[in-house]
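Please read the following explanation with the sequence and the structure side by side. It proceeds from one helix to the strands, and then to individual residues and charged pairs.

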Amino acid sequence: AGMLSQPADDGTPSLVEYLTGYLLKNGSLTENDLRTFRPSVCNRLDRNTSGLIAAGKSLSGLQELSGMFKSRELHKYYLCLVKGTIDKRAHICGYLQKDKVTNQVRISKQADADAVPIETEYVPVAWNQEITLLKVHLITGRTHQIRAHLAWQGHPLLGDPKYGDPKWNRKWNGRMKTAQTRQMLHAYELVMPEMNKTLKKLSGRTFTAPVPEDFYKIIKETTWEHGTQEVLEV
């Protein structure tokens with residue numbers, strides 16, 4: 001959380017620069033390789049969202065991986081903490097419209113001008129009367145989709161400064177004795193499809209990223225009424 005996917009104008013280090021440095025250091029790439037191709041990420045996360053990002057270190061790998069994101073063959077799952085009780089799985093749809101001036105999005109039931117369709121699927125992992133830990137399947141990957149879509153459903157993400165409930169966020173900050181300034185959203189799992197080309201060795205594999213410390217603290221210190229065993233597995 002906090003790292004940009006691409007270089008910023010203000011010189012803030014980005015994931016692409018970190019990736020390139022890492023591959024040079026471990027010998028996967030040479031300076032000569034960078035003259036013809038530079039590694040790049042295939043998907044992005046909001047700046048204050050933690051978790052997995054996919055990248056290609058070769059042109060063929062990048063093209064194949066990017067194609068799977070575009071065709072939705074690769075499945076992306078997130079964990080998030082939301083306000084209220086959700087005790088049933090759901091598949092929700094709507095339309096998303098982005099305001100480029102405010103960098104916020106609006107969700108609606110109808111297809112307004114410039115709006116794009118969105119689909120979000122979720123399964124409750126654990127819950128009580130105040131908060132729910134959700135596992136979300138991001139079917140369409142639009143800007144702020146999970147954050148805005150769940151807020152539209154009446155279940156804003158904990159800590160979300162744009163779409164969240166400020167009063168509820170302050171309450172949890174006091175309870176956890178922290179100054180939470182980011183949304184509790186974590187790109188938890190990538191499930192690869194069956195492949196026969198460049199990425200054959202990754203065919204059918206699943207990759208997961210442990211939740212970061214701030215997320216884990218809330219999970220651990222919350223008294224869950226349902227899903228205690230499932231929380232332990234997470």
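Two residues are said to be in contact when their heavy atoms lie within 4.5 Å. A residue is called buried when its relative accessible area is under 20%, exposed when it is over 50%, and partly exposed in between. The model discussed here is a predicted one.

We begin with helix H1, which spans residues 15-25. Which residues of this helix are buried? They are Leu15, Val16, Leu19, Thr20 and Leu23. Because these residues cover an arc of only 135° around the axis, they are placed on the same side of H1. Tyr18 and Lys25, on the other side of H1, are exposed. The cover over the buried residues of the helix includes strand E1 (40-41) and strand E3 (55-56).

Leu19 shows this arrangement for a single residue. Leu19 belongs to helix H1, and its relative accessible area is 17%, so it counts as buried. Leaving aside residues up to four places away in sequence, Leu19 touches Pro39, Ser40 and Ala55. Arg38 follows Leu19 by 19 residues along the chain, and the C-alpha atoms of the two are separated by 9.9 Å.

Tyr18 offers the contrasting case. Tyr18 also lies in helix H1, but its relative accessibility is 54%, so it counts as exposed. Together with Met3 and Tyr22, Tyr18 forms a nonpolar patch on the surface, and the accessible area of the three residues together is about 350 Å². Just after H1, the chain reaches Gly27, which takes a positive phi of about 85°.

We turn next to the strands. Strand E4 (residues 75-83) is joined by 6 bridges to strand E9 (residues 185-191), and the two run antiparallel. Strand E4 is also joined to strand E8 (residues 131-138), again in the antiparallel sense, by 8 bridges. Leu79 can serve as a point of reference in both pairings: it stands opposite His186 in E9, and its bridge partner in E8 is Lys135.

From E8 the pairing can be followed to E7. These two strands pair in the antiparallel sense over 7 bridges, and Glu121 has His137 in E8 as its bridge partner. E7 and E8 form a hairpin, with 3 residues between them. Strand E7 (residues 116-127) is in turn joined to strand E5 (residues 90-99) by 7 bridges, and these strands run antiparallel. In this pairing, the bridge partner of Tyr95 is Pro117 in E7.

Two residues in loops deserve attention for their backbone angles. Arg72 has a positive phi of about 70°, although it is not a glycine. This residue is found in the loop between helix H2 (59-71) and E4, and Arg72 is partly exposed, with a relative accessible area of 40%. Asp114 likewise has a positive phi of about 70° without being a glycine. Asp114 lies in the loop between strand E6 (104-108) and E7, and its relative accessibility of 73% means that it counts as exposed.

Finally, we consider the charged side chains. How many salt bridges does a search of the whole structure find? The search finds 10 of them. One is formed by the side chains of Asp165 and Lys83, at 2.5 Å from N to O. This pair links distant parts of the chain, 82 residues apart: Asp165 is in the loop between helix H3 (145-152) and helix H4 (166-176), whereas Lys83 is in strand E4. Lys83 counts as partly exposed, at 28% relative accessibility.

Another salt bridge joins Glu189 to Lys135, with the closest N and O atoms 3.2 Å apart. It too links distant parts of the chain, since Glu189 in strand E9 and Lys135 in strand E8 are 54 residues apart. Glu189 counts as buried, at 14% relative accessibility, while Lys135 is partly exposed, at 25%.

A further salt bridge lies within one helix. The side chains of Lys217 and Glu221 meet at 3.0 Å, N to O. Both residues lie in helix H5 (residues 213-221), 4 residues apart, which is about one turn of the helix. Lys217 counts as partly exposed at 27% relative accessibility, as does Glu221 at 45%. In addition, salt bridges that share partners join Asp46, Arg147 and Asp160 into one network.

Methods: Residues numbered from 1 in each chain as written. Predicted model: local features only at pLDDT ≥ 70, side-chain atom pairs only at ≥ 80, totals over all residues. Heavy atoms only, no water. Pairing = 2+ DSSP bridges. Buried < 20%, exposed > 50% of the residue type's maximum accessible area, 1.4 Å probe, protein only. Arc of directions from axis to C-beta. Patch = residues over 30% accessible without salt bridge, like charges linked within 9 Å, V, L, I, M, F, W, Y side chains within 5 Å. Areas by Shrake-Rupley, 256 points an atom, 1.4 Å probe, with all protein chains shown as cover. Salt bridge = Lys/Arg side-chain N within 4 Å of Asp/Glu carboxyl O.
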